[in-house]
Amino acid sequence: LGQVAAILVENGQSGVMATVNGLTGVPEEWTCGGMPITHMMRIERRSGKNKPVIRKALVELDGRPFKALEAVRQTWILSDKYQNPGPIQFQGAAADIVNFTLRLNMAK
């Protein structure tokens with residue numbers, strides 16, 4: 001993602017967010033690019049005035065990831081179950097592991 005951002009800057013692309021799509025597939029199938037920040041904006045009334053804002057991304061309480069957390073929340077209160085998968089691995093034993101949240105969102 002950092003390399004994508006650097007390429008966008010090098011090519012004079014400002015007001016653009018670096019993106020990577022297709023993360024559920026193997027890295028060779030990922031596609032990188034840039035999305036204009038304005039594509040994520042909408043007009044909301046704030047303090048009596050219309051303002052351009054990026055829509056809030058709230059937790060989907062009916063989504064699979066939250067439902068999975070909800071099912072084990074009481075157990076997690078009493079024990080240390082925190083997991084930090086770290087950065088995406090491209091080589092080695094962890095290269096084929098798909099992030100838990102992404103796996104839940106991909107499930108049918």
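Author: Let's start with a term: a residue is called buried when its relative accessible area is under 20%. Keep in mind that the structure above is a predicted model.

Reader: Thanks! With that cut-off, what share of the residues in the protein is buried?

Author: Of the 108 residues, buried ones make up 9%. The accessible surface of the whole protein comes to about 9400 Å², and carbon and sulfur atoms hold 56% of that area.

Reader: How many helices and strands should I look for?

Author: You should find three helices and four strands. Follow the chain along the sequence and you meet them in the pattern α-β-β-β-β-α-α. The protein is more spread out than a compact globule, because its radius of gyration is 19 Å, well over the 13 Å that the globule rule gives for 108 residues.

Reader: What does the C-alpha trace span along its principal axes?

Author: About 45 × 45 × 25 Å.

Reader: And how do I read contacts between residues that lie far apart in the sequence?

Author: The idea is to take contacts with a separation of 6 or more and ask what part of them joins residues 24 or more positions apart; in this protein that part is 24%.

Reader: Now the pockets. Which residues lie nearest the centre of the largest pocket?

Author: Look for Ile88, Ala95, Ile97, Val98 and Asn99, which belong to a lining of 22 residues. The volume of this pocket is about 570 Å³.

Reader: How many residues of that lining are nonpolar, polar and charged?

Author: The lining has 14 nonpolar residues, five polar ones and three charged ones.

Technical notes
Residues numbered from 1 in each chain as written. Predicted model: local features only at pLDDT ≥ 70, side-chain atom pairs only at ≥ 80, totals over all residues. Heavy atoms only, no water. 1 Å grid on protein atoms, 1.4 Å probe; cavity = no way out; pocket = protein on both sides within 12 Å on 5 of 7 lines; lining within 4 Å. Points joined across faces, edges and corners; volume = space filled by probe spheres on them. Nonpolar A, V, L, I, M, F, W, Y, C, P; charged D, E, K, R; others polar. Helix = DSSP H or I, 4+ residues; strand = E, 2+ residues; numbered from the N terminus. Rg over C-alpha atoms; globule rule 2.2 N^0.38 Å. Buried < 20%, exposed > 50% of the residue type's maximum accessible area, 1.4 Å probe, protein only. Contact = heavy atoms within 4.5 Å. Areas by Shrake-Rupley, 256 points an atom, 1.4 Å probe, with all protein chains shown as cover.
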